[in-house]
Each structure stands twice: as C-alpha cells, then as structure tokens.
Amino acid sequence: MPVLSSLSVLSPLSVLSVCVVCALRGPGAIEAPPPLAVLPLTVAVARVDGAPVVDRVWIDDRVEQANAILAPTGVQVALAEVRAMPEGPAALEDRKDRDALGAHLRPRRVNIFVVASLRDVDEPERLRQGVHWRPRRARQRHLVIVAAYSGRDTLAHELGHFLGNPRHSHTPGNLMSYGRGPGLPTLDAAQVRTIRATARRMLRSRELVVAPPVSP
Ligand SMILES: [Zn+2]
C-alpha cells in the first residue's frame, strides 16, 4: 500500500492514496473528505559542531507520519525546502530564543525549525518535544519548533496547533492529547473541520500557497 512518496513534493495522486489508507483505518475512523490541499513545509535544521541535529531520513519520516495522521482532513504537507538554521543557538532556552526565529521565516510556507533541545518557558526544569509559537513582537507570524529527540507524532501535533487547534484534548489517542492510544493518533470531527477551514483561510489570504506539483 503506497503511503507517501519520499520525493520532496507530493503529487495529488499521493494524497489520494493516503486518503484510501485513512478510509481503511477501522472502527471510529472518520470518512475521508475530499483532498483539500498540500501545504508546503520549509524545514530549518540546527547544527551542533557543524553537524545537523537530524538527517533527511528523520525529516521524511516525520512528514510521512504527519500525512498519515492528517489524512482524515484531506490536508497534507510536503517538503518544499530543507535548509540549515540561521545563526542562533541550537538549544532554545527561553522565549527570546524562540522569538528570534521569527526573523527567519519563509513567506507562504509552514515554517518548521528542528533544534537540539527546547526548554519549557514556564517550567524551566522541563524540556519540550515541540511547540507552536508566535513571536511576541510579531504575533501575526507563527512557526513550529520541534526538538531532535521528539517522537514521531510531535510534528503532526504541532501542525494541529498551527492549523487552528490551540487546545489540548483529554481523549487518549487524540492527536492533540498527551495521552497515547493504540495505532495512529486520531482527530475528532470538530478538529477535522477546523483544520480544513484553517487551511482554506490560510490559502485564501495567501499566508500559504499550495505546494507545487512534483516534476516528472
Ligand atoms: Zn500541544
């Protein structure tokens, strides 16, 4: 069963394939709505001692997992670019470190930053796996930060925030919950509607554009 191409950009056919997987997911699965859009990701990777904190296999795996989880929404993501993170710490310690990334956003793409570590800004003794962040002096901008040690579902969870779901769920196994369940994390009907509506709004406003089709 084809899941996702490892090519940097997905074709519409790949999206359809993923939705078929979703439809077969089993009891409780939401019937897949029609494909809506493939959103372009730009991924900036921090370096430690000159070496990127994650490799391309790691990135492709997280993108593939995000697309499998997001399949019930008809919204998919595709890598448009992988680049080295601009100057700045690889270990993000505070709000200032997160805010600084706001100066390095690519327009019309979902901006992802992969860092060596990400400290909780409210409980400094804790490290976070990921965060959806709005720089304090530019709240209209937003970005996703994930740590190199984060799990397979973290990118998808943060994309769930990025795409209009600010709150966490109390349902174990839900993508927006901290409680894990068997199999792929799920989305409820309201979350699916929100993600679709948010993607539409972001495309309408040109905050995002659809990912370009894959070249033959
Ligand atoms: Zn969260």
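**Backbone outliers, sheet and core of the predicted model**

With 16 C-beta neighbours inside 10 Å, arginine 108 counts as partly exposed. The cut-offs behind this label are simple: a residue is buried if 20 or more other C-beta atoms lie within 10 Å of its own, exposed if 12 or fewer, and partly exposed in between, with C-beta atoms placed from the backbone. The structure is a predicted model, in which local features need pLDDT of at least 70 and side-chain atom pairs count only at pLDDT 80 or more, while totals for chains, interfaces and linings use all residues. Residues are numbered from 1 along each chain as its sequence is written.

Arginine 108 sits in the loop between helix 3 (95-100) and strand 6, where helices (H or I, at least four residues) and strands (E, at least two) are DSSP runs numbered from the N terminus. Its phi is near 65°, a positive value in a residue other than glycine. Most residues other than glycine have a negative phi. Aspartate 49 is another such case, with a positive phi of about 55°. This aspartate lies in the loop between strand 2 (47-48) and strand 3 (51-52), and it counts as exposed because it has 5 C-beta neighbours inside 10 Å. A positive phi, of about 100°, is also found at glycine 164, just after helix 4.

Turning to the overall fold, the protein chain contains 5 helices and 9 strands. Their order along the sequence is α-β-β-β-α-β-β-α-β-β-β-β-α-α. Of the 216 residues, 38% count as buried. Among contacts between residues at least 6 apart in sequence, 67% join residues at least 24 apart; here two residues are in contact if their C-beta atoms, placed from the backbone, lie within 7 Å.

Five strands form an open sheet in the order 4-1-6-9-8, with mixed pairing (two strands pair if DSSP finds at least two bridges between them). Strand 4 (75-84) and strand 8 (130-133) are the edges, each pairing on one side only. From one strand to the next, the twist averages 25°; axes are lines fitted to C-alpha atoms, for helices over the stretch in contact, and angles run from 0 to 180 degrees between N-to-C directions.

The individual pairings fill in this picture. Strand 1 runs parallel to strand 4, joined to it by 9 bridges, and threonine 42 stands opposite glutamate 81 in strand 4. Strand 1 also pairs in the parallel sense with strand 6, over 5 bridges; there, leucine 41 has valine 110 as its bridge partner. Strand 8 and strand 9 (residues 143-147) are antiparallel, with 4 bridges, and histidine 132 is matched with valine 144 in strand 9.

Helix 2 (residues 56-70) packs on the sheet, where it touches strand 1 (37-45) and strand 4, and its direction makes about 165° with that of strand 4. The 15 residues of helix 2 should span 21 Å at 1.5 Å a residue, and its end C-alpha atoms are 21 Å apart, which agrees; the expected span is 1.5 Å times one less than the number of residues. Buried residues of helix 2 include Ile59, Val63, Ala66, Asn67 and Leu70.

Helix 4 (residues 154-162) lies across strand 4, strand 6 (110-115), strand 8 and strand 9, and runs at about 20° to strand 8. It is mostly covered, with 8 of its 9 residues buried. The cover over these buried residues includes helix 2, strand 4, strand 6, strand 8 and strand 9.

Strand 1 is mostly covered too, as 9 of its 9 residues are buried. Ala37, Leu39, Leu41, Val43 and Val45 point one way, whereas Val38, Pro40, Thr42 and Ala44 point the other way.

The largest nonpolar core (a set of buried Ala, Val, Leu, Ile, Met, Phe, Trp, Tyr and Cys residues joined through C-beta atoms within 7 Å) has 50 residues, of which Leu39, Leu41, Val77, Phe113, Val114, Ile145 and Leu159 touch the most other members. Elements supplying at least two residues each include helix 2, helix 4 and helix 5 (189-204). Strand 1 gives the most, with 7 residues. Leaving aside residues up to four places away in sequence, valine 77 touches Val38, Leu39, Leu41, Val63, Ala66, Asn67, Val110 and Leu159.
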